[in-house]
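This report looks at how one protein chain is put together around its metal site, its cores and its main pocket. Please keep the sequence and the structure at hand while reading.

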Amino acid sequence: MASKFLPYCHARDIFSVDIAFFKKENIKTVLADLDNTLDSYRAKMPSKRVFELKRKLEEANIELVLISNNKEKRVKPYASALGVRYLFSTHKPFKKRLLNFLNSNDIVKESVMIIGDQLLTDVVMANRAHLKVMLTEKIVKEDQWTTHINRLIDRPIRSYFRRKKKLIDWKEKM
Ligand SMILES: [Mg+2]
């Protein structure tokens, strides 16, 4: 199985990760996917635990930034309510928009970790850009229709990695 699908590490969800892990990895910026990583695509505003996550990261001097393939009208109000920088229409799995964004926002590649629930977009982009990536499980059952085909491909690859014990839980890297 192509290594472009293989994440650096895996977590059930972003909320269950100890902030100390990001510290240990020398992460200064967490680049989180939005839909089904932080919240359901139906959630117009950030949930309480997302605010809590942002606060905990801030305390550790780590910035939370949203990178979403979704449109500005979805991402901007959510990110503004949360008070974080964001990139909409990121065009994952393509890396160009993200790398330009990192450049123009003075974010250093070596100090970021991408977090996302999809192999075909989040993980492939991160690997193409040589960025650390944490794969998570989707937090709600439902997806936007555009994601359905990706899931059909994602599922068997994920199961394969699991069988081969290639998904390394973040705790194993502590
Ligand atoms: Mg997602």
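Which strands and helices do the buried residues of H5 pack against? The model is a predicted one, and in it the buried residues of H5 pack against strand S3 (63–67), helix H4 (96–104), strand S5 (112–116), strand S6 (132–136) and helix H6 (148–163). Helix H5 itself spans residues 119–128 and is mostly covered, with eight of its 10 residues buried. Those buried residues are Leu119, Leu120, Thr121, Asp122, Val123, Val124, Met125 and Ala126.

**The magnesium site**

The magnesium ion is coordinated by Asp33 through OD, by Asp35 through O and by Asp117 through OD, at 2.1 to 2.2 Å. Along the chain, these donors follow the spacing D-x1-D-x81-D. Because Asp35 lies in the loop between strand S2 (29–32) and helix H2 (48–59), whereas Asp117 lies in the loop between S5 and H5, the pair ties together parts that are 82 residues apart in sequence. Asp35 and Asp117 are both buried.

Asp35 also appears among the contacts of Arg74, a residue that lies in helix H3: not counting residues up to four places away in sequence, Arg74 touches Leu34, Asp35, Ser40, Tyr41, Ala43 and Lys44. With Ala43 there is a polar link as well, since the side chain of Arg74 reaches the backbone oxygen of Ala43 at 2.7 Å. Arg74 counts as buried because its relative accessibility is 12%, and the cut-off for buried is under 20%.

**Two nonpolar cores**

In soluble globular proteins, nonpolar side chains tend to be buried together. Here the largest nonpolar core has 29 residues, and those with the most contacts inside it are Phe22, Val30, Leu38 and Met134. Two or more residues of this core come from each of strand S1 (9–11), helix H1 (19–24), S2, H2, S3, helix H3 (72–82) and S5. The largest share, four residues, is given by H3.

Met134 offers a view of the surroundings of one of these core residues: leaving aside neighbours within four places in sequence, Met134 is in contact with Cys9, His10, Ala11, Val17, Phe21, Phe22, Met113, Ile114, Ile115, Gly116 and Trp170. Apart from the largest core lies another core, of 24 residues, which includes Val65, Leu87, Leu119 and Leu131. Leu119 is also one of the buried residues of H5.

Val112, in strand S5, is in contact with Ile27, Thr29, Leu31, Ile107, Leu131 and Lys132 once its neighbours within four places in sequence are left aside. Val112 counts as buried, its relative accessibility being 1%. Although Val112 and Lys28 are 84 residues apart in sequence, their C-alpha atoms are 6.1 Å apart in space.

**The largest pocket**

The largest pocket has a volume of about 300 Å³. Its lining is made by 20 residues, of which Asn69, Gln118, Gln144, Thr146 and Thr147 lie nearest the centre. H5 and H6 each supply at least two residues of this lining, and H6 is likewise among the elements against which the buried residues of H5 pack.

**Backbone geometry**

Most residues other than glycine have a negative phi, and most peptide bonds are trans. Against that background, the following backbone angles deserve a separate listing.

| Site | Angle | Value |
|---|---|---|
| His130 | phi | near 60 degrees |
| Lys165 | phi | near 55 degrees |
| Lys92 to Pro93 | omega | near 10 degrees |

His130 comes just after H5, in the loop between H5 and S6, and is exposed, with a relative accessible area of 68%. Lys165 lies in the segment after H6 and, at 69% relative accessibility, counts as exposed. The peptide bond from Lys92 to Pro93 is cis, and Pro93 is placed in the loop between strand S4 (85–87) and H4.

Where, then, does H5 meet the other features described here? Asp117, a donor to the magnesium ion, lies in the loop between S5 and H5, while His130, with its positive phi, follows just after H5. Between these two sites, H5 is mostly covered and supplies at least two residues of the lining of the largest pocket.

Technical notes:
Residues numbered from 1 in each chain as written. Predicted model: local features only at pLDDT ≥ 70, side-chain atom pairs only at ≥ 80, totals over all residues. Heavy atoms only, no water. Buried < 20%, exposed > 50% of the residue type's maximum accessible area, 1.4 Å probe, protein only. Contact = heavy atoms within 4.5 Å. Donors = N, O, S within 2.8 Å, 3.2 Å for Na, K, Ca; no water. Core = buried A, V, L, I, M, F, W, Y, C linked by side-chain atoms within 4.5 Å. Polar contact = N/O pair within 3.5 Å; in protein donor to acceptor, adjacent residues only side chain to side chain. 1 Å grid on protein atoms, 1.4 Å probe; cavity = no way out; pocket = protein on both sides within 12 Å on 5 of 7 lines; lining within 4 Å. Points joined across faces, edges and corners; volume = space filled by probe spheres on them.
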